Amino acid sequence: MASVTLDKVNKVFGSTHIIKDVDLNIGNGEFVVFVGPSGCGKSTLLRLIAGLESISDGELSIGDSVVNELPPRERGVGMVFQSYALYPHMTVYENMAFGLKLAKMVKETVDDRVMATARILQLEDLLHRKPKELSGGQRQRVAMGRAMAREPRILLFDEPLSNLDASLRVQMRNEIARLHQRLESTMIYVTHDQVEAMTLADKIVVLNAGRVEQVGTPHELYQRPATKFVAGFIGSPTMNFMPARLAGHADLGCRVEVEGIGELTLPQDADRHANGEPLTLGVRPEHLRLVEANGDNAFEIVNVEYLGNEVYVYLEPKAGETLLIHRSEAPSPWRVGQRVALTPDPEHVHLFDPQDRALPATRTRAAA
């Protein structure tokens, strides 16, 4: 195990600034997930840690050592790629042993490490097979085993489940989580899938355009997003956003006027903002209440999705093009064409200023 520290790390390709002043601390034994949309820099950041790309500026430490100038083989990291990158002419055993043989380890040590890793990953009965004889999940386990057999201080995963079908992804997520529990090693995992991030991570790093938007536990990011970007990216279905304006200040928060809903008193501190300032109200689908209505503040239901134990109700918004989503347990009384009024749960509403930063909760709400 080893810790990883990034201090004002930057990466520039030509005139394109990819990674921008990233500060990050990853503790011994943590499972950290880098998540964000395509092009946000998460894979580049992983490759900087691995030593596959050079750092343009800043300092990267693994353990107590600065490793900016160290080649990958001397950093004590193992990497699992999206493409598996297995040698097709080699057996599972030979693929897992290849890196150890390159390091000129004695045969007994190679055998011991490969067999120990195969037992952990349940590959003992597959050691004689070649990659073409394996399923996608088995190939991914071999790729993991090849990295693990080197006994690295840090395991790096670059979107390892992207090539698997939905059921295999769920299975492999569970296997990776159990692997971390057994090994207690430091793991850094890159994905664009926020479900993978939420289910695997001890700590999530949300990246946007090369910058760190927020770092926190899955619970923290879901319940207390620091920016509108994080609020919209974390959670499925995504958070609902509605235009609002500050209508005044209250004893335990503020009053806001929300288009299509009316005035709400919310437990957010808006003391630094002026009356009339435009804001964005955010509320997750499970915290949006519906009641039947016929007045001006009614929204029309345009679609209802039944997902077994859950129902998603889609509503035509008053402004903008993004549909609003209500989530509830099945069965649902709502039907396409009905008109409903919306009531957000005040204790679970988020407010964002014109710079898309979250307004802080009042002390009363924060303590709760």
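How do the residues of the lining of the largest pocket divide into nonpolar, polar and charged? In this predicted model, the split is 16 nonpolar, 2 polar and 4 charged. The pocket itself holds about 600 Å³ of space. Its lining is made up of 22 residues, and the closest to the centre are Val77, Gly78, Met79, Gly99 and Arg150. Strand S6 (77–80), helix H2 (92–102) and helix H4 each give two or more residues to this lining. H2 gives the most, with 5 residues.

Helix H4 is also home to Val142. With a relative accessible area of just 1%, Val142 falls under the 20% cut-off and so counts as buried. Its contacts, leaving aside residues up to four places away in sequence, are Leu86, Val92, Asn95, Met96, Leu123 and Leu134. Val142 and Tyr93 make another pair to look at: 49 residues separate them in sequence, while their C-alpha atoms are 8.8 Å apart in space.

Next comes helix H5, which runs over residues 166–183. At 1.5 Å a residue, its 18 residues should span 26 Å, and the end C-alpha atoms are indeed 26 Å apart, so the two values agree. Buried along H5 are Leu168, Met172, Arg173, Ile176, Leu179 and His180. Looking down the axis of H5, these buried residues fall within an arc of 140°, so they line one face of the helix. The spacing fits a general rule: an α-helix has 3.6 residues a turn, so residues three or four places apart point the same way. Turned away from the buried side of H5 is a face that carries the exposed residues Ser167 and Gln181. As for partners, the buried residues of H5 pack against strand S3 (31–35), helix H3 (107–121), H4, strand S8 (186–191) and helix H6 (194–200).

The backbone has a few oddities as well. Just after H5, Glu184 takes a positive phi of about 55°. Glu159, in the loop between strand S7 (154–158) and H5, has a positive phi of about 45° although it is not a glycine. Glu159 is buried, at 14% relative accessible area. Asp356 also has a positive phi, near 70°, and sits in the loop between strand S20 (349–352) and helix H9 (363–367). Asp356 counts as partly exposed, at 34% relative accessibility.

Cis peptide bonds turn up too. One joins Ser236 and Pro237, with omega about 0°, and Pro237 lies in the loop between helix H8 (228–233) and strand S11 (240–250). The bond from Ala330 to Pro331 is cis, with omega near 0°; Pro331 belongs to the loop between strand S18 (324–329) and strand S19 (339–344).

Conventions: Residues are numbered from 1 along each chain as its sequence is written. This is a predicted model: local features need pLDDT of at least 70, side-chain atom pairs count only at pLDDT 80 or more; totals for chains, interfaces and linings use all residues. Side-chain values use heavy atoms; hydrogens and water are left out. Helices (H or I, at least four residues) and strands (E, at least two) are DSSP runs, numbered from the N terminus. The expected span of a helix is 1.5 Å times one less than its number of residues. Buried means under 20% relative accessible area, exposed over 50%, partly exposed in between (1.4 Å probe, protein chains only). The arc is that of the directions from the helix axis to the C-beta atoms. Contact means heavy atoms within 4.5 Å. On a 1 Å grid over the protein atoms alone, a cavity is a set of points where a 1.4 Å probe fits but cannot get out, and a pocket is an open set with protein on both sides within 12 Å along at least five of seven lines; lining residues have an atom within 4 Å of a point. Grid points are joined across faces, edges and corners, and a volume is the space filled by probe spheres set on the points. Ala, Val, Leu, Ile, Met, Phe, Trp, Tyr, Cys and Pro count as nonpolar, Asp, Glu, Lys and Arg as charged, and the others, Gly among them, as polar.
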